[in-house]
Amino acid sequence: MSERTIKHPVIEDKQNHKLTTQVTETGCQMSNLYDLINAVNELAMGYASEETTSLLGRLHRPLPPGEEPVRLFSLRYDVDRCYSDNVLAMPVSCITVLSFTLLGHTRFVCVSDTHLQTHKMDPLPDGDVLIHAGDFTQEGLPQEVVKFNDWLGTLPYKHKIVIAGNHELSFDPVTIKSWECMQRYDESELKDMYLKLTNCTYLEDSETNVLGFRIYGSPWQPEFFDWSFNLPRGQPMLDVWNKIPEGIDILITHGPPLGHGDKTMSEQRAGCMELLNTIQKRVKPKYHIFGHIHEGYGVTSDGYTTYINASTCTLRYRPINKPVIFDLPNPS
Ligand SMILES: [Zn+2]
């Protein structure tokens, strides 16, 4: 097999796919590129046919030492619905997909629980809207919030949406009073901490409209030691979820719902039952983004809502989980 590089800046087909590619080392025919477009699209829909599985299998070969696998797409789908735990992250040696765009769609890039480790993260992928589902600091100290905001300022997304998590102690009046690390600061220094987030839209039990999409964000989770935005399970949690309006496209919370991305190291499910009920019976968003349970990173679905635990950090606070990407057709 001869080694060569052919550049294909952009490939478009009649089904509105646009793929910017670079092909090196041709072990596959040009027609495979079109198959690849279909395969990527199929996988983006959370489904892999036998043909797709076989195509990606053909493209797979062991990587030489030191070579990084190319990620077509960082989504991870339900194992039951795909033939592999992570088909989309398979090494593809002969085709490098530089970017993949669905024309007429908005691309969302989701991260969470970055815990001030952003300097150790790989560069984030292209997209239109960045979503961060909370825990961007360790203790919510003012200098930590400023550092995170500076990082946001370096990112080229058109829109950036952020909520707080249980680590953002200075965002919750209860933990401002109860935590010792907060006592070092003047009351005035901790007031309205969200105003330091100048490089994003901060949501706290509130909604924003971005490019025609309705997005709602809330930081609460069922009691978790004495951290921020804690409430007892049951009615108090339901009371905050009852504020979520119907008809939203994307819901962002810090904690997971019961049964999706919520399994802890000890195999316990930490998710909120009231949140699951609210999502499935009343709100029915297309996507639900959250973090909090670092080890629950990944994507699941109930057939209508796609649940994304976007935790960037692992249980040991290593920021190695890839951002999760999805595309939504632009509202007409
Ligand atoms: Zn966290």
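The following dialogue discusses a zinc site, several salt bridges and two buried loop residues in a predicted model.

Student: Which residues coordinate the zinc ion, and at what distances?

Tutor: One begins with the donor atoms around the metal. In this predicted model, the zinc ion is bound through OD atoms of Asp-113 and Asp-135 and through NE2 atoms of His-115 and His-294, at 2.1 to 2.4 Å.

Student: What is the arrangement of the four donor atoms around the zinc ion?

Tutor: Ideal angles at a metal are 109.5 degrees for four tetrahedral donors. Here the donor atoms subtend angles of 87 to 175°, and the arrangement is therefore irregular. Four donors would count as tetrahedral only if all angles lay between 85 and 135 degrees.

Student: How are the donor residues of the zinc ion spaced in sequence?

Tutor: The spacing reads D-x1-H-x19-D-x158-H. Asp-135 belongs to the loop between β5 and α3, and His-294 to the loop between β13 (287-290) and β14 (298-301), so this pair ties together parts of the chain 159 residues apart in sequence. Asp-135 is buried, at a relative accessible area of 1%. His-294 is likewise buried, at 7%.

Student: How many salt bridges are there?

Tutor: Side chains of opposite charge can pair when their charged atoms come close. The count in this model is nine salt bridges. One of them joins Asp-327 and Arg-107, with the closest N and O atoms 2.9 Å apart. That pair links distant parts of the chain, for Asp-327 is in strand β16 (residues 324-329) and Arg-107 in strand β4 (residues 105-111), 220 residues apart.

Student: Are Asp-327 and Arg-107 buried or exposed?

Tutor: A residue counts as buried when its relative accessible area is under 20%. Asp-327 has 13% and is therefore buried; Arg-107, at 12%, is also buried.

Student: What does the salt bridge between Asp-128 and Lys-158 link?

Tutor: The side chains of Asp-128 and Lys-158 meet at 2.9 Å, N to O. This pair links distant parts of the chain: Asp-128 is in the loop between β4 and β5, while Lys-158 is in the loop between α3 and β6 (159-162), 30 residues apart. Asp-128 is buried, with a relative accessible area of 15%, whereas Lys-158 is exposed, with 56%.

Student: What is the N to O distance in the salt bridge of Lys-263 with Glu-267?

Tutor: The closest N and O atoms of Lys-263 and Glu-267 are 3.9 Å apart, and a salt bridge requires them to be within 4 Å. Lys-263 is partly exposed at 36% relative accessibility, and Glu-267 is exposed at 57%.

Student: Where does Thr-137 lie, and which polar contacts does its side chain make?

Tutor: For a loop residue, one may read position, burial and partners in turn. Thr-137 lies in the loop between β5 (129-132) and α3 (142-153), and is buried with a relative accessible area of 0%. Its side chain reaches the backbone nitrogen of Gly-140 at 2.8 Å and makes a polar contact of 2.7 Å with the side chain of Glu-168. Beyond its sequence neighbours within four places, Thr-137 touches residues including His-115, Leu-116 and His-167. The C-alpha atoms of Thr-137 and His-167 are 6.3 Å apart, although 30 residues separate the two in sequence.

Student: Which side chain does Asp-249 contact?

Tutor: The side chain of Asp-249 makes a polar contact with that of Lys-286, at 2.7 Å. Asp-249 is in the loop between α6 (235-241) and β12 (250-253) and is buried, at 11% relative accessible area. Leaving out residues up to four places away in sequence, Asp-249 also touches others, among them Phe-213, Arg-214 and Tyr-287.

Conventions. Residues numbered from 1 in each chain as written. Predicted model: local features only at pLDDT ≥ 70, side-chain atom pairs only at ≥ 80, totals over all residues. Heavy atoms only, no water. Helix = DSSP H or I, 4+ residues; strand = E, 2+ residues; numbered from the N terminus. Buried < 20%, exposed > 50% of the residue type's maximum accessible area, 1.4 Å probe, protein only. Polar contact = N/O pair within 3.5 Å; in protein donor to acceptor, adjacent residues only side chain to side chain. Contact = heavy atoms within 4.5 Å. Donors = N, O, S within 2.8 Å, 3.2 Å for Na, K, Ca; no water. Tetrahedral: all angles 85-135°; square planar, octahedral: opposite > 155°, others 65-115°.
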